[in-house]
Amino acid sequence: MSRTLLVNAVLATSAREGAGALAIDGQRIAGIWFREETEKDDSKALQAFPDAEVIDLGGKVLMAGGIDAHVHFRDPGLTHKADIASESRAAVLGGITSFIDMPNTIPPTVTAEALEAKLKVASEYSWANYGFNIGATNANADEIIGCLETDFRHSIGGVKVFMGSSTGNMLVDRKESLEKLFSISTKPVLVHSEDESIIKANLAAAKEKYGEEIPFTEHPLIRSRKACIMSTIHALEMALEHGTALHLLHVSTKEEAEMVRAAKIHNPRITAETSANYLWFSDEDYSRLGSRLKCNPAVKSPQDRAALRKALEDGVIDTVGSDHAPHLLSEKEKPYLSCPSGVPSVQQSLPVAFTIGIPLTRIAAAYSEKVAEIFGIADRGILKQGAYADIVVVDPEEEFTVKEVASKCGWSPYEGQTLKGAVKMVWVNGVLTAKDGAIVSDRSAKALYFK
Ligand SMILES: [Zn+2]
């Protein structure tokens, strides 16, 4: 097996950042050396880990590869838009070494059989380590709870609950079903939180005003902040009542961040995610990007964006998931009412955090360590001796303009944007898989093991 020593790095973990070196032996991290103040080089590491290929990182940032727990890779059933091979490749090129996919595929991932089928496809085609969330419906809570009592629980990421969102048949709105799902204690309960009745009323009003040609600038008014806030009040209430490990997905408003801050005091198992889309864009971008920024929840105001950045910095927002949700441009170019929601973003998610100046320790936490903790992912997401060598090297100062998009759909709302934090090298299970924006090895991905 190969031995590699990465020297002259800026190592970043949730606890610490500093100059040092990291050794890879085969699939695993063999050692980490932070320099003491008096040390000017990595000679200690070079002595401790001889006979290795030495790579000088020239002061670039080295951190655990990203774990993106919120992607829609469209496989199976929608593979004209995206598939596990194409999107996991885009993920790796963006510094994401593991993903957990969402259940709104065809068929939906609402049974153990459907989840097993996805695992099989990923084992053959995925470039990044792979895991899958299971989707809740009004009818399958008992089946999910049954699954979680078997060994199959180690193959399930979290339980996705669309609270009041119209995503096929996965809307969960029955009180009895919600009570059962929020009583699950062994997995994170992942909630998409938007109040469907408020959205329906707003949409009816917009149709009244505009007919069929609703402008895309109306999107944040139709899928309004109130729809998010009211649903999140409900989700937090239930999580407080049941002690749920609620992981609130793609938080998009200042008010929700504040509510999460308060709720955590009473139930520390409550966590929150936002996506790069809400950290980078604002509702002012709808006039420029139109349908290309149509996603659910809608992107909110610049004030919300500022509050979300701050909440990510101070740890109220725990994680960043991309909510990578590709559609073909031909689908996105339809009028508002028939244009599908969702934007591709997995490749840009990590550089956005560098561009907006999130501290390195917080990037390390939000993109990998905390994700691994919430989902109980063993031996990944952390720079630790013995952990799998899923590693990303980023040049925090290198600017680049987004031009080439690796996703199958071939476009991104980030096209033309200048970002910082170029992904230079990516190791997956100890194999250097991507370098300078190109894939340089065969696949080495594994299934994620959830504790
Ligand atoms: Zn999503």
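Visitor: How are the donor residues of the zinc ion spaced in sequence?
Guide: This is a predicted model, in which local features need pLDDT of at least 70 and side-chain atom pairs count only at pLDDT 80 or more, while totals for chains, interfaces and linings use all residues. Residues are numbered from 1 along each chain as its sequence is written, and side-chain values use heavy atoms, with hydrogens and water left out. With that in hand, the spacing of the zinc donors reads H-x1-H-x250-D.

Visitor: Which residues coordinate the zinc ion?
Guide: Donors are N, O and S atoms within 2.8 Å of the metal (3.2 Å for Na, K and Ca), and water is not among the atoms, so sites may look incomplete. At 2.1 to 2.2 Å from the zinc ion, two NE2 atoms and one OD atom fit this rule, and they belong to H70, H72 and D323.

Visitor: How many residues apart in sequence are the parts that H72 and D323 tie together?
Guide: Let's place them among the helices (H or I, at least four residues) and strands (E, at least two), which are DSSP runs numbered from the N terminus. H72 sits in the loop between β6 (66-71) and α2 (84-93), and D323 in the loop between β14 (319-320) and α13 (329-332), so the separation is 251 residues.

Visitor: How far apart do the C-alpha centres of domain 1 and domain 2 lie?
Guide: The bounds come from an automatic or database domain assignment. Domain 1 covers 3-62 + 385-439, and domain 2 covers 65-375. From centre to centre, the distance is 28 Å.

Visitor: Which three residues supply 23% of the area that domain 1 buries against domain 2?
Guide: Buried area is the accessible area (1.4 Å probe) that two parts lose on being put together, summed over both. The two domains bury about 3,500 Å² between them, with 65% of it on carbon and sulfur atoms. On the domain 1 side, the trio that gives more than any other three residues is K408, W411 and Y414.

Visitor: What is the distance between the closest N and O atoms of E415 and R292?
Guide: A salt bridge is a side-chain nitrogen of Lys or Arg within 4 Å of a carboxyl oxygen of Asp or Glu. That rule finds 2 across the interface of the domains. E415 and R292 also form a salt bridge, and their closest N and O atoms are separated by 3.7 Å.

Visitor: Which element gives the most residues to the side of domain 1 that touches domain 2?
Guide: Contact means heavy atoms within 4.5 Å. The elements giving two or more residues include β1 (3-12), β15 (391-401) and β16 (418-428). With 8 residues, the top contributor is β16.

Visitor: Which strands hold D25 and R3?
Guide: The whole structure has 26 salt bridges. D25 and R3 form one, with closest N and O atoms 3.6 Å apart. The pair is 22 residues apart and links distant parts of the chain, namely strand β2 (residues 17-25) for D25 and, for R3, strand β1.

Visitor: Where is P297 placed?
Guide: The peptide bond from N296 to P297 is cis, with omega near -5°. As for its place, P297 is in the loop between α11 (286-289) and α12 (302-313).

Visitor: What is the phi of D379 near?
Guide: D379 is found in the loop between α15 (360-375) and β15. Its phi is positive, in a residue other than glycine, and lies near 60°.
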